[in-house]
Amino acid sequence: MPELPEVEVVRAGLEAHVSGRTISEVEVLHARAIRRHELGAEDFSGRLSGVKITAARRRGKYLWLELSDGQAMLAHLGMSGQMLVQSDDAPDEKHLRVRFRFADNGPELRFVDQRTFGGLALAELTEVDGTALPGTIAHIARDPMDPRFDLDQAVRALRSRRTELKRALLDQTLVSGIGNIYADEALWRSKLHWARPTDRLTTAHGRAVLTAASDVMAQALVAGGTSFDALYVNINGESGYFDRSLDAYGQEGLPCGRCGTAIRRDPFMNRSSFSCPRCQPKPRAR
């Protein structure tokens, strides 16, 4: 699934191409794409018609468009969701789910989703710690690239949980934006094993792993994010290329870039976790 850098690439594109424009018409082509909007397609389309998009925002992996009527349109990309800006004469994509036309008759916005795990929904904005968020994601913590992110507070949150370090990094209520890929990369950079108990995590190690997460996500953002197939693209349909720079994730059997030991893959939460057995030694049993 897209993580912070991939979602930020999409957000920046939306900010540049649809912010300030007024929606003239919304066409819902697949009801599942708006299943989180309980009042259905007609209500969804009607409430958006004539409304101006005032900004494109993000917190962690969550993306939304702020609207002139005080609401937000929250977009969850899921595993294959794409927000594409296309000319109105461009052929419809095979998996086009929702189309937005604008009053200026300029390029339209399309939500395309092959696997239909993503979706769009309207939400009321609510203020949380000085920031306006859609109410449905008010529980999501700030991410390491947020200007108001408090590193020490996030470290305390990690250390307060009795769990494994990687599970804590993936908990979006503690720190947001980090998913499976960038968790593995941050752990490799900080030389910490994914199974390290968080209640045995030192403050220095907590700061190191979160700083590493911030650094690797910033580098991935410059590269346009990480793409392993054609399903993650920016608003122009282009893939990112940070997968060429990964040190741990997906590198099973390849030599560690620090010590040369073969990267190991372990089962983790129905997925995989990649680490260097030498640089990231498994913690001793209690």
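This section describes two helix crossings and several loop residues in a predicted model.

Helix packing is taken first. Two packed helices are described by the angle between their axes and the distance between the axes. Helix H1 spans residues 4–17, and helix H6 spans residues 203–222. Their axes come within 8 Å and cross at roughly 40 degrees. H1 is therefore oblique to H6, because an angle has to be under 35 degrees to count as roughly parallel. The crossing of H1 with H6 is right-handed. On the H1 side, the contact is made by Leu4, Pro5, Glu8 and Val9. H6 contributes Met217, Ala220 and Leu221. Six residues of this contact are nonpolar, none is polar and one is charged. The charged residue is Glu8.

Helix H6 also packs against helix H3, which covers residues 151–160. The axes of H3 and H6 come within 9 Å and cross at roughly 115 degrees. The two helices are therefore roughly perpendicular to each other. This crossing, too, is right-handed. From H3, the contact involves Leu151, Asp152, Ala154, Val155, Leu158 and Arg159. From H6, Thr203, Gly206, Arg207, Leu210 and Thr211 take part. By class, the contact of H3 with H6 holds five nonpolar, three polar and three charged residues.

The loop between H3 and H4 follows. Arg161 and Glu164 both lie in this loop, and helix H4 covers residues 165–170. Arg161 has a relative accessibility of 34% and so counts as partly exposed. Beyond its neighbours within four places in sequence, Arg161 is in contact with Asp171, Thr173, Leu174, Thr198 and Asp199. Arg161 and Ile263 are 102 residues apart along the chain, and their C-alpha atoms are separated by 28 Å.

Glu164 is likewise partly exposed, with a relative accessible area of 25%. With neighbours within four places left aside, the contacts of Glu164 are Trp194, Ala195, Arg196, Thr198 and Phe268. One of these partners, Ala195, is 31 residues from Glu164 in sequence. The C-alpha atoms of Glu164 and Ala195 are 4.8 Å apart in space. Thr198 is in contact with both Arg161 and Glu164.

A further loop residue is Glu93. Glu93 sits between strand E5 (81–86) and strand E6 (96–102). Its relative accessible area is 18%, so Glu93 is buried; the cut-off is under 20%. The side chain of Glu93 makes a polar contact of 3.0 Å with that of Arg110. When residues up to four places away in sequence are not counted, Glu93 touches Leu84, Gln86, Arg110 and Val112. Of these, Leu84 and Gln86 fall within the range of E5. Arg110 and Val112 fall within the range of strand E7 (108–113).

Backbone geometry stands out at two loop positions. Most residues other than glycine have a negative phi, and most peptide bonds are trans. Thr116 has a positive phi, near 55 degrees, and is not a glycine. Thr116 is found in the loop between E7 and strand E8 (119–128). At 14% relative accessibility, Thr116 counts as buried.

Asp129 also has a positive phi, of about 55 degrees, although it is not a glycine. Asp129 is placed in the loop between E8 and strand E9 (131–134). With a relative accessible area of 57%, Asp129 is exposed. Thus Thr116 is buried, whereas Asp129 is exposed.

Key: Residues are numbered from 1 along each chain as its sequence is written. This is a predicted model: local features need pLDDT of at least 70, side-chain atom pairs count only at pLDDT 80 or more; totals for chains, interfaces and linings use all residues. Side-chain values use heavy atoms; hydrogens and water are left out. Helices (H or I, at least four residues) and strands (E, at least two) are DSSP runs, numbered from the N terminus. Buried means under 20% relative accessible area, exposed over 50%, partly exposed in between (1.4 Å probe, protein chains only). A polar contact is a pair of N or O atoms within 3.5 Å; within protein, one must be able to donate a hydrogen and the other to accept it, and residues adjacent in sequence count only if both atoms are side-chain atoms. Contact means heavy atoms within 4.5 Å. Axes are lines fitted to C-alpha atoms, for helices over the stretch in contact, and angles run from 0 to 180 degrees between N-to-C directions. Angles under 35 degrees count as roughly parallel, over 145 as roughly antiparallel, 65 to 115 as roughly perpendicular and the rest as oblique. A crossing is left-handed if the near helix is turned anticlockwise from the far one by less than a right angle, and right-handed if clockwise.
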